[in-house]
Structure formats: structure tokens, C-alpha cells
Amino acid sequence: MAASDAVDPLALFRLDGKVAVVTGASSGIGVRFAQVLDALGATVVLAARRVDRIEALAKDLQRGDAIACDVSEAGASAALVQSVVDRHDRVDVVVANAGIANTTPALKESVESFTDVVTVDLIAPFELAQAAVANMRERKEGGSVVNTASAAGVRSSPMLPQASYVAAKTGLVGLTRELALQWSRYGVRVNALCPGMFPSEMTAELTDSPELTAAFVTKVPLGRVGQAHELDAAIAFLASPASSYMTGQILVIDGGGSL
């Protein structure tokens, strides 16, 4: 085989010269996603409410930038995209990762609380993607939208009562398919990553309890919760040209818990 014909599958994962936005980047898998995209060569814009955290993380990255954003506020996600374009002239990758959950039995959950969860977990990703894809369409270079959904988007939550969270994440899965269909004409791919149980602030109620964790993993074929690095390849794949022929798909990484 000639040197020019050598296969280099890792080259497709590079994001050199690209600008990526990660919401919910102040903790948990959002931090890890930002670190992965930075390692792949992207300029990574970190967005979250806790400014001190994202500013500290931005300094640790090779090409990090921090923009305060509370996605629960109407218009905040669109304003975030405008700020990214103002600072960096473009947006190529969007990772809608900000999320909240409410562990309350459905009979006791207020409509206001239900609405709050849906606003952050479903409406904000739509607003973010809509604003970003408007820029992608204008530049005519395509792009990638990755929605952080959840294994709860493909099955009910077996351990914790989370009606609003399950509803929002299930909606995000459906929204991913619809946006992929509508925006394929612009060269924009839209996919969803559905993690199972990974340690984070949001999952602390379960992962910090040995009893709950032990009960949970009995329902996971691989017999444990996930580790942070086990989402690295997935976010790299979905964000980069490595997945250039994939759109509207749901990638579930949950140790087999949804089988």
C-alpha cells in the first residue's frame, strides 16, 4: 500500500479550526466533554451559570473561552450563540448538555416544577440549536448538534421517580430526529447521546448512596455505573466528521441497562 493510501481513521476525529459550544460545562460530564473537544483541536466555549468554574476550566484548556449563561432564561441560549459568533466568527459544534432533574413522585410534583425541568432539558436545547444552525446555514459549511439526552429518554427511570425528567429527555430524543430531518439540507447533523448512570452532581442522590447504587447496578448487565472516560469516544464521534454520515440517531451508553 502506498503511503498516500494509508488509512488513518483517527484523522476524522480532529476539530482543528472549529468552534464548539458546550452548555452545562461547569461540572460533571459537561467538563469532560469540553476537555475532549479541546483535545481534538476545537476552540471550546464553555457556558454555564457558575462563572467562576467555567473561567477556571477555560484557563486549563488550550483554546477555552467562558460565557455566563443561564439556559432557564428565555432568550439566553440564542444570546449565547450570538456572543460566540461575535467573539469567534462562527459556531461549528453545539453540545446541548445543560440539564436539571426533579426526583419527586408524579402525584406530588407541581406543574411549575415540571415546567422548569422541561424548560431547561427540552426548550433550551431547541433554542440553542435553532440559533446555532441559523449561523451554520448562513456559512454553508454544515455542522454538528449533539443533544445530551439520557437513557431515561428511551425507558422509564427504574429507581427514581422523575416524570418531568423522563418526559423532557424523551421529547429531546424525538426533537433530535425531527431537527435532523429538517436540517440535513444544510449539511447539519443532529444526534443525541443518551448516557446511563454516570457520577455527577445531578446523579449524586443515587451514586452517593451505596444501597441505591447496589440496587441500581443489579439492573445493569455490565454490573456497574459508568466512568467519565467511557463517554469520550462517543462525544468525539458525534461532534466530529467521523460521524459525517450519521444524523437523527440516538447513541445509548448505559452498560446495557436499557436492554
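**Stop 1: Lys140**

Start by selecting Lys140, which sits in the loop between helix H4 (111–139) and strand E5. This is a predicted model, and in it Lys140 has a positive phi of about 60° although it is not a glycine. Is Lys140 buried or exposed? Show the surface and look for it there: Lys140 is exposed, because its relative accessible area is 73%, and the cut-off for exposed is over 50%.

**Stop 2: Asp89**

Next, pick Asp89. You will find it in the loop between helix H3 (76–88) and strand E4. Asp89 also has a positive phi, about 75°, and it is not a glycine. With a relative accessible area of 62%, Asp89 is exposed.

**Stop 3: the whole protein**

Now zoom out and colour by secondary structure. How many helices and strands are there in the protein? You should be able to trace eight helices and seven strands. The radius of gyration is 18 Å, close to the 18 Å that the globule rule gives for 259 residues, so the protein is as compact as a globular protein of that length. If you draw a box along the principal axes, the C-alpha atoms fill roughly 55 × 50 × 35 Å.

Switch on the surface once more. The accessible surface comes to about 12200 Å², and 55% of it belongs to carbon and sulfur atoms. Buried residues make up 50% of the 259 residues. Of the contacts with a separation of 6 or more, 69% are between residues 24 or more positions apart.

Colouring by charge gives another view: there are 21 positive and 28 negative side chains. The centres of these two sets lie 4 Å apart.

**Stop 4: helix H8**

Select residues 232–239, which form helix H8. Six of its eight residues are buried, so H8 is largely enclosed by the rest of the structure. Which residues of H8 are buried? They are Asp232, Ala234, Ile235, Ala236, Leu238 and Ala239.

To see what surrounds them, add helix H1 (28–39) and strands E4 (93–96), E5 (143–148), E6 (188–195) and E7 (250–253) to your selection; the buried residues of H8 pack against these elements.

**Stop 5: Ala96 in strand E4**

Strand E4 is one of the neighbours of H8, and Ala96 is part of that strand. Ala96 counts as buried, at 4% relative accessibility. What does Ala96 touch, leaving out residues up to four places away in sequence? Show Thr23, Pro125, Leu128, Val146, Asn147 and Thr148 to see these partners.

For a distance to try in the viewer, pick the C-alpha atoms of Ala96 and Ala47: they are 9.9 Å apart in space and 49 residues apart in sequence.

**Stop 6: Val81 in helix H3**

Move to helix H3, where Val81 is found. Val81 is buried, with a relative accessible area of 5%. Beyond residues up to four places away in sequence, Val81 touches Val91, Leu128, Ala131 and Ala132. Leu128 may look familiar, as it was among the residues touching Ala96.

Then draw a line from Val81 to Gly196: their C-alpha atoms are separated by 28 Å, with their positions 115 residues apart along the chain.

**Stop 7: Ser164 and Thr104**

Select Ser164, which lies in helix H5 (residues 163–183). At 0% relative accessibility, Ser164 counts as buried. Setting aside neighbours within four places in sequence, Ser164 is in contact with Asn102, Glu109, Phe114, Val117 and Val118. The C-alpha of Val118 is 6.6 Å from that of Ser164, although the two are 46 residues apart along the chain.

Keep Glu109 displayed and add Thr104, which belongs to the loop between E4 and H4. Thr104 is buried, with a relative accessible area of 17%; the cut-off for buried is under 20%. Outside its neighbours within four places in sequence, Thr104 is in contact with Glu109 and Pro161. Leu160 is 56 residues from Thr104 along the chain, and their C-alpha atoms are separated by 8.0 Å.

**Stop 8: the cysteines**

Finish with Cys69 and Cys194. Cys69 counts as buried at 9% relative accessibility, and Cys194 counts as buried at 0%. How many disulfides does the structure hold? There are zero disulfides to find here.

Conventions. Residues are numbered from 1 along each chain as its sequence is written. This is a predicted model: local features need pLDDT of at least 70, side-chain atom pairs count only at pLDDT 80 or more; totals for chains, interfaces and linings use all residues. Side-chain values use heavy atoms; hydrogens and water are left out. Helices (H or I, at least four residues) and strands (E, at least two) are DSSP runs, numbered from the N terminus. The radius of gyration is taken over C-alpha atoms; the globule rule is 2.2 Å times the number of residues to the power 0.38. Buried means under 20% relative accessible area, exposed over 50%, partly exposed in between (1.4 Å probe, protein chains only). Contact means heavy atoms within 4.5 Å. Accessible areas come from the Shrake-Rupley method with a 1.4 Å probe; for residues, only the protein chains shown count as cover. Lys and Arg count as positive and Asp and Glu as negative; His and the chain ends are not counted. The place of a charge is taken as NZ of Lys, CZ of Arg, CG of Asp or CD of Glu. A disulfide is a pair of cysteine sulfur atoms within 2.5 Å.
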